[in-house]
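Work through the two exercises below with the structure at hand, attempting each task before reading its solution.

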Amino acid sequence: MTVPASIDEVQKVLSDTGYVCGRALATVVFLSLKLGRPLFLEGEAGVGKTEIAKALSAALGRRLIRLQCYEGLDASSAVYEWNFPAQMIAIRTAEAQGNADRDILNRELFGPDFLIERPLLQAMRPDENGAPILLIDELDRTDEPFEAFLLEALSDFQVTIPEIGTIKAPEPPIVILTSNRTREVHDALKRRCLYHWVDYPGFDREVEILHARAPEVADTLSRQIVAFVQSLRTEDIFKKPGVAETIDWAKCLLALDVIDLSPQVISDTLGAILKYQDDIQKIQGSEAKRILDEAKKQIEAA
């Protein structure tokens, strides 16, 4: 599929994949595609930052290449590495056959047959379906040296392998970077990108998202689930549940044939929406009933 020609079309193609987004997010996605600029998405965990890349991949029919960031990630791990076990086997085979010409063997050992391509190098390769989507996920987990390398790589969309040379993308990939803001990403990298803060959705939009991702859940239960989760986010807890937890919880309740929320059901399934024991202990029992009562009052008042 070609790049959407309008903001409304972006919303439509994403909606067709089950991703419901507001106009502000659709606008920055459209501009990113139109201008060929990387898109930097920040927000709490579970609000749909990673899912936007998956939805775009499905909507545009482009390959999705994901670089999952972690502490200690370096340039070589993100770009390429040599298949050392295979190289050692080739050396021993050449020696055993008596044809171990050093120059020829060296060219073969450091050629494409022994090159393991990692996400950044994969994203530079041509693709018959068009430029792939490169998702650089949870960038805030890495350190500043990797950010500096990434800044250079995204400026020219090329990488250099000393043994082979420079490889430049014939068509720049569609780049989406995400951050949970556990630390601040350097301004120089942000300036290369279009920026958007992905916030928790409002009540109606989260209900719409839940209908799109878990259509089997009845409307009444969906509204109770969303109202409870949104009330839960206002509580003083360590980790507020994201939209991903809302969807997971709804599917758990569906599997248990729940048709109406109750304090007991909530206490039994809190592990689907809260991931820390201190938070679970705080919300169980009378607190769960209080939050549920407030949520149901909000639904009735709407």
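**Exercise 1.** In this predicted model, determine how far helix H2 reaches from its first C-alpha to its last, and establish which of the residues in H2 are buried and what they pack against.

*Solution.* Begin with the length: H2 covers residues 23–35, and its 13 residues reach 18 Å, which is close to the 18 Å expected at 1.5 Å a residue. Next, apply the cut-off for burial, under 20% relative accessible area; the buried residues in H2 are Leu 25, Ala 26, Val 28, Val 29, Phe 30, Ser 32 and Leu 33. These buried residues pack against helices H1 (7–16) and H3 (49–60), and also against strands E1 (39–42), E8 (174–179) and E9 (194–197). Finally, look past the end of the helix, where H2 is followed by Gly 36, a residue whose phi is positive, near 70 degrees.

**Exercise 2.** Describe the largest pocket by its volume and its lining, and then do likewise for the second largest pocket.

*Solution.* The largest pocket has a volume of about 650 Å³. It is lined by 35 residues, of which Gly 46, Val 47, Gly 48, Lys 49 and Glu 51 are the closest to its centre. Two or more lining residues come from each of H2, H3, E9, H10 (203–213) and H12 (243–255), and H12 gives the most, with 5 residues. By class, the lining of the largest pocket divides into 15 nonpolar, 8 polar and 12 charged residues.

Turning to the second largest pocket, its space amounts to about 250 Å³, and the residues that line it include Glu 44, Asp 140, Arg 141 and Tyr 276. Its lining divides into 4 nonpolar, 2 polar and 6 charged residues.

Terms used. Residues are numbered from 1 along each chain as its sequence is written. This is a predicted model: local features need pLDDT of at least 70, side-chain atom pairs count only at pLDDT 80 or more; totals for chains, interfaces and linings use all residues. Side-chain values use heavy atoms; hydrogens and water are left out. Helices (H or I, at least four residues) and strands (E, at least two) are DSSP runs, numbered from the N terminus. The expected span of a helix is 1.5 Å times one less than its number of residues. Buried means under 20% relative accessible area, exposed over 50%, partly exposed in between (1.4 Å probe, protein chains only). Contact means heavy atoms within 4.5 Å. On a 1 Å grid over the protein atoms alone, a cavity is a set of points where a 1.4 Å probe fits but cannot get out, and a pocket is an open set with protein on both sides within 12 Å along at least five of seven lines; lining residues have an atom within 4 Å of a point. Grid points are joined across faces, edges and corners, and a volume is the space filled by probe spheres set on the points. Ala, Val, Leu, Ile, Met, Phe, Trp, Tyr, Cys and Pro count as nonpolar, Asp, Glu, Lys and Arg as charged, and the others, Gly among them, as polar.
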